[in-house]
Amino acid sequence: MLHSDWRRIVIKVGSALISPDAKGCSTRYLLAIARFISECRQQGTEVVLVSSGSVAAGRSAIAFAHQPLPINIKQAMAAVGQTQMMATWSHLFDFRCAQILLTHDDLADRRRYLNIDNTLRTLLANQVLPIVNENDSVATAELKVGDNDNLAAMVAVLVDADALLICSDIDGLYTANPRTVPDARFIPRVEKITAEIYAMAGGSHHAIGTGGMTTKIQAADKATKLGVDTLIINGQKAASFDALLRGEPAGTLFVRQQDRLSAKKHWLLNSLKSQGSISLDNGAVQALLHKGASLLAKGIVSVSGQFDKGDAIWLCDDSGKQLAKGICQYSATELQLIKGLHSTQIAQTLGFCPSEEVVHRDDIALTT
Ligand SMILES: Nc1ncnc2c1ncn2[C@@H]1O[C@H](COP(=O)(O)OP(=O)(O)O)[C@@H](O)[C@H]1O
Ligand SMILES: N[C@@H](CCC(=O)OP(=O)(O)O)C(=O)O
């Protein structure tokens with residue numbers, strides 16, 4: 001049985017597993033990974049896949065002999081390889097897959113961040129497997145996250161994942177790159193990511209990987225700070241997945257620094273500045289405080305301040321007491337129009353309905 005705390009996981013698969021010979025996609029390693037993903041879903045764990053490999057898979061289609069590859073060549077390769085990569089994954093599953101291509105800008109812009117969050121939640125709720133990659137064909141160097149290890153960590157935080165599994169071509173973290181330092185020792189568990197841990201990491205040994213161990217440690221750093229356990233495992237060995245499915249350790253575990261929910265609550269309450277507030281009727285207050293429910297338009301009595309979709313706002317009772325802070329799916333202007341309405345009336349009033357919830361339960365932190 002998979003780790004019982006893992007209700008939602010993000011699995012990142014590196015280029016070396018998708019395209020081991022850098023000549024199109026191969027199922028050599030993907031079969032075992034696909035079987036693992038299917039098994040996780042059968043056990044009730046939701047999965048988001050972050051898949052590299054578009055550049056590696058499209059490499060043979062675009063003529064270019066020199067290294068490093070210029071950006072326009074990589075973009076053309078990615079445009080060819082992305083469709084091949086998606087087709088390869090889709091053939092390995094008997095459920096639907098969805099493609100999500102992101103740039104750094106999409107994650108930095110609050111409005112787009114929320115849209116991605118809503119899309120991913122909707123896909124998961126409909127048992128579709130989201131397959132995320134960087135939008136390599138359009139993103140310029142300045143717009144790029146740059147590597148899928150960091151992208152996967154951002155996605156793991158975005159979807160409130162319990163764990164991030166980084167599947168690579170090596171068993172996990174060693175004290176130095178074992179391909180160049182033969183007596184490097186394997187590290188099964190990292191309690192805290194320090195400068196010493198960063199110093200162990202070297203780059204990739206092959207031309208198709210991006211970042212090597214450095215970007216994996218950066219990813220683990222980002223994710224564990226926000227309550228996401230991070231594992232680096234060898235995706236070339238089916239035994240790694242069998243061990244995880246039996247609830248046994250595999251690879252290198254970077255232990256999360258604090259509970260995921262308290263990390264998010266801390267971030268919401270202390271890092272996000274509130275841009276406005278809404279007051280709620282008694283029914284909404286009770287649902288918020290005692291049922292852990294999302295906030296619907298029906299329970300909103302009044303709106304104050306000028307805030308935009310994606311801003312943090314205070315949720316107050318009718319005396320103005322601040323009960324919780326949350327990320328609002330609508331602007332203040334839109335809320336003025338839909339306050340007190342049933343969710344089914346939102347679309348006919350605004351002409352659109354990005355979300356039935358005004359503030360989703362995952363985006364609410366109670367003050368007490
Ligand atoms: N300290 C280290 N421990 C393990 N691997 C390391 C270390 N430093 C560098 N590496 C290299 O990182 C590689 C994995 O990163 P990378 O090639 O980018 O893979 P991926 O395509 O899976 O992202 C390993 O194959 C290894 O050559
Ligand atoms: N987005 C790129 C992959 C970037 C990347 O981080 O690659 P890797 O180090 O193999 O995970 C692609 O699809 O080719």
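This passage walks through the surroundings of ligand 2 and a few residues elsewhere in the chain, as seen in a predicted model.

A good place to start is ligand 2, which is surrounded by 13 residues. The closest of these are Lys12, Ser15, Ser52, Asp136 and Asn148. By class, the shell consists of nine polar residues, three charged residues and one nonpolar residue. Several polar approaches can be picked out. In the side chain of Lys12, an N or O atom is 2.5 Å from an oxygen atom of ligand 2. Ser54 places a polar side-chain atom 2.9 Å from an oxygen atom of the ligand, while Gly53 contributes a backbone N or O atom at 3.1 Å from a ligand oxygen. Taken alone, ligand 2 exposes 380 Å², and the protein buries 94% of that.

Lys12 also appears in the UniProt record, where an unreviewed entry gives the feature "binding site" at positions including Lys12, Gly211 and Thr215. Gly211 sits in the loop that links helix H8 (195-200) with helix H9 (212-225). With a relative accessible area of 29%, Gly211 is partly exposed. Beyond its sequence neighbours within four places, Gly211 is in contact with Gly202, Gly203 and Ser204.

Thr215 belongs to helix H9. Its relative accessibility is 9%, so Thr215 counts as buried. Setting aside neighbours within four places in sequence, Thr215 is in contact with Asp147, Asp149, Asn150 and Thr210. With Asp149 there is a polar contact between the two side chains, at 2.7 Å.

Finally, Ser343 is found in the loop between helix H13 (332-338) and helix H14 (346-350). Ser343 counts as buried because its relative accessibility is 13%. Not counting residues up to four places away in sequence, Ser343 touches Leu296 and Glu356.

How values were computed
Residues are numbered from 1 along each chain as its sequence is written. Chains are lettered from A and ligands numbered from 1 in the order in which they are written. This is a predicted model: local features need pLDDT of at least 70, side-chain atom pairs count only at pLDDT 80 or more; totals for chains, interfaces and linings use all residues. Side-chain values use heavy atoms; hydrogens and water are left out. A residue is near a molecule or strand if one of its heavy atoms lies within 4 Å of it. A polar contact is a pair of N or O atoms within 3.5 Å; within protein, one must be able to donate a hydrogen and the other to accept it, and residues adjacent in sequence count only if both atoms are side-chain atoms. Accessible areas come from the Shrake-Rupley method with a 1.4 Å probe; for residues, only the protein chains shown count as cover. Ala, Val, Leu, Ile, Met, Phe, Trp, Tyr, Cys and Pro count as nonpolar, Asp, Glu, Lys and Arg as charged, and the others, Gly among them, as polar. Helices (H or I, at least four residues) and strands (E, at least two) are DSSP runs, numbered from the N terminus. Buried means under 20% relative accessible area, exposed over 50%, partly exposed in between (1.4 Å probe, protein chains only). Contact means heavy atoms within 4.5 Å. UniProt positions are given in the numbering used here, feature names are shortened, and annotations may be inferred rather than shown by experiment.
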